[in-house]
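User: Hi, I have a structure open and would like to walk through it with you. Can we start with one of the loops?

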Amino acid sequence: MEDSKKSYSVTDLTSLEKLEPVRIRPGMYIGSTGTKGIHHCVWEILDNAIDEITNGYGDTATVILNRDRSVTVRDNGRGIPVGIHPVKKISGVEMVYTELHTGGKFNNDNYKTSGGLHGVGASVVNALSEWLVVEVHKDGKIHRQRFEYAYDEKCRRKMPGTPVTKLEVVGKTDREGTSVTFLLDKDVFSSIDYKLEVIDERMMELSFQNKGITLVLRDERGDEPLEKVYHSERGLLDFIDYLNESKTVLHQEPILFEGERSIGNMMLQGEVCVQFTDSTLETLASYVNNIPTTEAGTHESGFKTGMTRAFKEWGKKLGIVKDKDFEGDDLREGMTAIVKVRLNNPMFEGQTKNKLGNNEAYTLMNDLSYTKFSEWIEDHKEIASSLISNALDAALRRDKIKKINEAERKKVGKGTAPLAGKIAVCTMKEKESLEFIVVEGDSAGGSAKQARDRRFQTIMPSKGKIMNTEKQKLENVLGSEELRIFNTAIGTGTLDNFRLEDLKYNKVIIMSDADVDGYHIRTLWMTYLYRYMRPLIANGHLYLAQPPLYKVYKSGKNGEVHRYAYSDSELEEAKKFIGKGFMIQRYKGLGEMNAEQLWDTTLNPESRTLLRVTIDDAAKAERMISLLMGDVVEPRKNYMYKYAEF
């Protein structure tokens with residue numbers, strides 16, 4: 001207990017380098033300057049608050065979306081050190097918010113585990129903000145300091161994160177903790193409009209991962225403030241119920257275990273929750289120190305290896321498994337798993353922390369998983385035997401898929417693949433420049449074939465709506481002629497046989513009408529690609545074309561003047577641009593455009609708008625696919641009622 005009350009003073013802070021590079025290349029620190037980037041800034045400050053709580057200081061963190069588009073993050077931890085650093089001669093608050101690699105997390109004395117190990121989150125957010133205000137409630141006093149993107153006397157130019165006040169005592173308080181309010185700079189970011197549903201999902205996940213803590217989200221931007229409180233007493237058990245809401249589970253009680261392992265100075269705390277469903281696909285959400293590791297890493301690999309080893313050994317004891325009767329992928333078919341790890345010295349790839357690189361984490365998680373799964377199997381022999389039988393069936397299906405994919409590749413090699421008359425193939429061979437465009441409808445497909453640049457754009461007209469692959473058996477999906485044509489054309493294979501290096505195009509683009517049916521077609525294609533070719537999305541090769549909704553025009557002395565609008569707000573701007581006497585054409589579908597219009601608005605790389613499809617949060621994506629496209633009706637019905645107006 002005494003260790004949890006250890007003092008936290010300014011001498012615990014260390015500084016490694018200065019702040020200036022952040023403003024020049026923000027993408028190096030937060031990933032992007034789009035929607036993902038602004039939310040990443042919120043996560044950086046929120047992670048600091050969560051680190052305090054998970055290390056035993058405080059129990060509540062609050063995020064407030066303010067009316068002026070600033071954000072406030074508040075906790076009831078110890079508060080940032082306010083004393084003067086003996087070497088730097090500035091306060092701890094100023095160090096943390098003006099210098100990179102400054103914090104109390106570079107050793108294990110103050111934080112045993114932490115998501116913000118690089119010590120750059122706070123200063124990066126400050127550097128990218130128009131202004132930022134820190135309030136520290138500590139020792140009965142309220143300390144406040146303000147930073148701005150402002151003129152610096154020493155540098156003789158505007159500098160990011162410049163202190164415009166000293167750390168001042170502005171009042172008395174009976175609580176402890178830190179409150180940070182920041183307004184991101186609209187000159188850095190394309191938009192600073194936060195998505196409530198994105199923050200809602202992240203805070204819900206954090207509450208599941210940290211049972212017993214309280215998180216609060218307040219949105220004060222509308223006419224009436226909204227508030228939501230997150231608190232989970234069951235932790236990962238609540239999380240797995242949430243992920244499997246739209247699935248049929250094979251065993252009611254999830255597999256849940258936790259434990260610690262260590263090698264030298266590396267200490268790992270692991271917590272795992274697993275439940276198998278009747279799906280044919282695997283869902284795995286992993287986290288290191290609360291950070292979603294969307295690109296996996298050594299902890300995931302160790303978990304998988306240990307789990308496979310335990311089940312194979314049990315299968316051999318029963319005499320139903322030989323060395324190569326099933327692989328780990330077969331065992332994990334239909335598995336939903338949450339792998340949560342805490343490490344004292346994690347090595348992430350990049351500041352955005354998408355992938356864990358510690359080799360020790362593989363060894364430790366492998367041993368922990370093998371031991372705990374072996375213990376579970378001994379106590380649940382009947383369920384374990386059933387899961388092994390399912391894995392053996394999956395192995396047979398995998399072999400069948402492999403043979404089908406090999407047969408399709410041989411057809412391509414012999415020139416007998418069913419592409420003739422279906423696809424207008426481009427002439428260039430340089431993969432980096434090539435685009436494969438799936439176009440809704442035969443009429444639009446015909447216009448697109450005429451409009452395209454045949455050097456680098458391949459067109460595949462789609463007959464309409466492909467099957468909902470979420471509801472179909474594997475054999476039916478593999479038997480679909482249209483999907484077989486698509487698979488053959490792009491060349492990657494599917495599922496376990498997917499090979500990204502065989503992809504023949506740099507961009508795969510779905511082009512559908514801007515109406516309800518068009519959105520449904522997009523969703524069906526994205527469901528198929530997410531389930532059967534997920535690395536295509538994860539590696540940034542999938543795009544959605546954005547056809548215009550309107551054409552605003554009028555005739556003039558020098559011919560027609562026109563402007564295209566892709567939304568209702570752009571329509572109003574287009575009206576003002578064209579001026580009095582304008583006419584409006586509402587496009588009901590791609591087929592209404594001639595080849596020239598289709599090229600100008602949707603196909604021309606110089607003037608079109610493409611949306612890249614990403615998987616920022618695999619757990620959220622998995623749940624949404626299952627909820628919207630699966631067989632269980634009630635959760636989908638509830639979701640539609642909730643977001644009907646949106």
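Analyst: Sure. Take N290, which lies in the loop between β12 (283–288) and β13. One note before we go on: this is a predicted model.

User: What is the phi of N290 like?

Analyst: N290 has a positive phi of about 75 degrees, although N290 is not a glycine.

User: Is N290 buried or exposed?

Analyst: Buried. The cut-off for that is under 20% relative accessible area. N290 has 3%, so N290 counts as buried.

User: What about K89, what is its phi?

Analyst: K89 has a positive phi of about 65 degrees, and K89 is not a glycine either. K89 sits in the loop between β2 and α4 (92–98).

User: And is K89 buried or exposed?

Analyst: Exposed. The cut-off there is over 50%. K89 has a relative accessible area of 61%, so K89 is exposed.

User: You mentioned β2. How many of its residues are buried?

Analyst: Strand β2 covers residues 71–75, and 4 of its 5 residues are buried. That makes β2 mostly covered.

User: How do β1 and β2 pair?

Analyst: Strand β1 (residues 60–65) pairs with β2 in the antiparallel sense, over 5 bridges. For one bridge, look at A61: its partner in β2 is D75.

User: What holds strands together like that, in general?

Analyst: Strands of a sheet pair through backbone hydrogen bonds, and they can be parallel or antiparallel.

User: What sits between β1 and β2?

Analyst: The two strands form a hairpin with 5 residues between them. In that hairpin, R69 takes a positive phi near 75 degrees.

User: How many bridges join β2 to β7?

Analyst: There are 4 bridges between β2 and strand β7 (residues 177–184), and the two run antiparallel. T72 has T181 as its bridge partner in β7.

User: Let's switch to the open sheet with β10 in it. What is the strand order?

Analyst: The order is β10-β11-β14-β12-β13. That is 5 strands in an open sheet, with mixed pairing.

User: Which strands are at the edges?

Analyst: β10 (255–263) and β13 (291–292) are the edge strands. Each of them pairs on one side only.

User: And in the middle, how do β11 and β14 pair?

Analyst: They pair in the antiparallel sense, over 9 bridges. Strand β11 spans residues 266–276, and strand β14 spans residues 335–343. V274 stands opposite A337 in β14.

User: Now β15. How many of its residues are buried?

Analyst: Strand β15 (residues 435–440) has 6 of its 6 residues buried.

User: Which residues are on which side of β15?

Analyst: E435, I437 and V439 are on one side. F436, V438 and E440 are on the other. Both faces are covered.

User: Why every second residue?

Analyst: Because in a regular strand the side chains alternate between the two faces of the sheet.

User: Which strands does β15 pair with?

Analyst: One is strand β16 (residues 457–462), in the parallel sense over 6 bridges. Another is strand β17 (residues 507–511), joined to β15 by 5 bridges and also parallel. Follow F436 to see both pairings: F436 stands opposite T458 in β16, and opposite V508 in β17.

User: Helices next. How do α8 and α10 pack?

Analyst: Helix α8 (residues 298–318) and helix α10 (residues 359–379) pack at an angle of about 35 degrees. Their axes are 7 Å apart. The crossing is right-handed.

User: What kinds of residues make up that contact?

Analyst: The contact of α8 with α10 has 12 nonpolar, 10 polar and 4 charged residues.

User: Okay, the largest nonpolar core. Which residues touch the most other members?

Analyst: V63, Y97, F182, F189 and Y194 do, out of 60 residues in that core. Helix α3 (residues 35–54) gives the most to the core, with 9 residues.

User: Which domains does this core draw on?

Analyst: It takes at least three residues from each of domain 1 (19–232) and domain 2 (236–401).

User: What about the second core?

Analyst: That one is separate and has 37 residues, including V477, V508, I521 and L524. You met V508 already, opposite F436.

User: Last one: where is K580?

Analyst: K580 is in the loop between α17 (568–578) and β21 (583–586). Its relative accessibility is 81%, so K580 counts as exposed. K580 and K554 are 26 residues apart in sequence, and 8.8 Å apart in space from C-alpha to C-alpha.

Conventions
Residues are numbered from 1 along each chain as its sequence is written. This is a predicted model: local features need pLDDT of at least 70, side-chain atom pairs count only at pLDDT 80 or more; totals for chains, interfaces and linings use all residues. Side-chain values use heavy atoms; hydrogens and water are left out. Buried means under 20% relative accessible area, exposed over 50%, partly exposed in between (1.4 Å probe, protein chains only). A nonpolar core is a set of buried Ala, Val, Leu, Ile, Met, Phe, Trp, Tyr and Cys residues joined through side-chain atoms within 4.5 Å. Domain bounds come from an automatic or database domain assignment. Axes are lines fitted to C-alpha atoms, for helices over the stretch in contact, and angles run from 0 to 180 degrees between N-to-C directions. A crossing is left-handed if the near helix is turned anticlockwise from the far one by less than a right angle, and right-handed if clockwise. Ala, Val, Leu, Ile, Met, Phe, Trp, Tyr, Cys and Pro count as nonpolar, Asp, Glu, Lys and Arg as charged, and the others, Gly among them, as polar. Two strands pair if DSSP finds at least two bridges between them.
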